[in-house]
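With the model open in your viewer, please follow the stops below in order, making each selection before reading on.

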Amino acid sequence: MRHVRPVFCLLHRFYFQSSKARAMSLPYETEKQLAVAAVRRACGLTSSVFNKLVKNETLTKNDKSPVTVGDYAAQAVISTMLYHAFPADPIVGEEDAAELREESGAGLRDRIVALANEALTGELGFGDNVEWGIGPGQEKTTAQLLDAIDRGNHPGGRSGRMWTIDPIDGTKGFLRGEQYAVCLSLIVDAQVQLGVIGCPNLPVDPSKPDSARGVIFVAVKGHGAEQMTLSGANPAPLRIPIFPPAEINFLESVEAAHSSHYFNARVSSILGITHPPVRMDSQAKYGCLARGEGAAYLRMPTVVGYKEKIWDHAPGVVLIEEAGGVVTDSRGLPLDFGLGRTLGGNFGVVAAGMDVHALVLEAVQKAQALETGAKAKV
Ligand SMILES: Nc1ncnc2c1ncn2[C@@H]1O[C@H](COP(=O)(O)OS(=O)(=O)O)[C@@H](OP(=O)(O)O)[C@H]1O
Ligand SMILES: [Mg+2]
Ligand SMILES: [Mg+2]
Ligand SMILES: [Mg+2]
């Protein structure tokens, strides 16, 4: 009996050390846990703010797009958590606090500070770590939260680590009570290594549209893609299913100003697609593509010179690649995340499972050639 205890202790220590070593050997394990925790907290914030949002809590930015107190507060929360865990990591975030620092922004500022602190100080849950600046008693000052929003001002670039934050992607969908996504990615040397997309309004089970809502999509480069509920329950690996050509349908933006519905219809007719497109706001489209709710996501520009933002695609690209798909631009080039805050070297986005991607890309190029030919004749 005298030997049982030391043997047990050794086994116990071996088991925990090896499981810890196993966890540590997964690349970006800490970053993944942090990113999921940050997106989960931000999703809680955006869901609760939607029910209380009043008219003067939405601003119109210089590019005429909307931004709400939810966007600012969610960026403040995610940025704060990133800063506590990785203070040296730069962040490319969609929002900045310039308007909130003005005298006229005082009302919104107070509301954003209250929302962000409510989210940050919520009880610790599954996977949370007090060292990330969260939990009861972890209130931040107004200055700290405005600085957290402004830490998203990094210009991007080709080398080193950087995070992208889109605190509410599909703000128009959010305002309509439809789909939107809280999006976070880690890019290292211009390659997306980790993507997390939180979709509070998306049904967990696509075959039951009226089932429980709230999904988080997660992918780590080289280590697969998965979906889980907002609480982290039921993690399930994702693999894009094979679509026979007759079953192909498109996922596309709701807003005709964000991607050309007309061009997509041309590509559909070239491919003989009979199924209507599924229109949905935000990077929820990438999530739905990864779980087979659409066969391809096609996004062609509507205005000359619009450059897609890296935060609108980085998490989606790693999710699709890890679910067995391909993402390129309309010329078949990979999306280049090393050029700054935009995908300035790319034109359009084509995302799909491997076989469908080749078919769609060919049809996109045919449609472009027809368009160029028609313009030349005029
Ligand atoms: N002109 C133009 N062309 C292309 N894209 C644009 C354009 N203007 C805005 N945006 C970006 O579109 C993001 C919304 O994504 P979606 O197009 O998927 O959503 S939607 O269905 O259109 O609402 C949206 O992201 P959020 O601002 O985070 O909502 C914008 O970054
Ligand atoms: Mg926006
Ligand atoms: Mg966006
Ligand atoms: Mg946004």
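Domain bounds, as used on this tour, come from an automatic or database domain assignment. For this chain, that assignment gives domain 1 (27-182) and domain 2 (245-377), and colouring these two ranges separately is a convenient way to begin. Bear in mind throughout that this is a predicted model.

**Confidence**

Colour the chain by pLDDT before anything else. The mean over the chain is 92, and 93% of its residues reach 70 or more, while for the complex the predictor gives an ipTM of 0.95 and a pTM of 0.93. Now select residues 1-23, where pLDDT stays under 50 and where the model has 1 contact beyond four places in sequence; you may wish to hide this stretch for the remaining stops.

**The two domains**

Return to the two coloured ranges and place a centroid on the C-alpha atoms of each: the centres of domain 1 and domain 2 lie 28 Å apart. Where the domains meet, 17 residues of domain 1 are in contact with 15 residues of domain 2. On the domain 1 side of this meeting, the elements that give two or more residues are β4 and α7, and β4 supplies the largest share, with 4 residues. By class, the residues on that side of domain 1 divide into 5 nonpolar, 6 polar and 6 charged.

**Ligand 1**

Select ligand 1 next and display its shell. Which residues come nearest to ligand 1? Of the 21 residues around it, these are Ser253, Val254, Glu255, His258 and Asp281. The elements that contribute two or more residues to the shell are β4 (161-169) and α7 (171-176), with α7 giving the most, 3 residues. Colouring the shell by class separates 4 nonpolar, 9 polar and 8 charged residues. Where does ligand 1 lie with respect to domain 1 and domain 2? Because domain 1 (27-182) and domain 2 (245-377) both give residues to its shell, ligand 1 lies between them.

**Strand β7 and its partners**

Move now to residues 213-220, which form strand β7; 6 of its 8 residues are buried, so the strand is largely enclosed by the rest of the structure. Add strand β6 (residues 191-203), which runs antiparallel to β7 and is joined to it by 7 bridges; to find the register, label Gly195, which stands opposite Ala219 in β7. Then add strand β8 (residues 225-229), which pairs with β7 in the antiparallel sense over 5 bridges, and label Val215, which stands opposite Thr229 in β8. With side chains shown, a general point can guide the eye: in a regular strand the side chains alternate between the two faces of the sheet. β7 and β8 form a hairpin with 4 residues between them, and in its turn Gly222 has a positive phi of about 85°.

**Gly127**

For the last stop, centre the view on Gly127, which lies in the loop between α5 (106-120) and α6 (142-150). Is Gly127 buried or partly exposed? Gly127 is partly exposed, with 13 other C-beta atoms within 10 Å, since the buried class begins at 20 or more and the exposed class ends at 12 or fewer. Leaving aside residues up to four places away in sequence, Gly127 touches Gln33, Val36, Ala37 and Gly232. Finally, draw a distance from Gly127 to His154: the two are 27 residues apart in sequence and 28 Å apart in space, C-alpha to C-alpha.

Notes
Residues numbered from 1 in each chain as written. Chains lettered and ligands numbered in written order. Predicted model: local features only at pLDDT ≥ 70, side-chain atom pairs only at ≥ 80, totals over all residues. Near = placed C-beta within 6 Å. Nonpolar A, V, L, I, M, F, W, Y, C, P; charged D, E, K, R; others polar. Contact = placed C-beta atoms within 7 Å. pLDDT = per-residue confidence, 0-100. Pairing = 2+ DSSP bridges.
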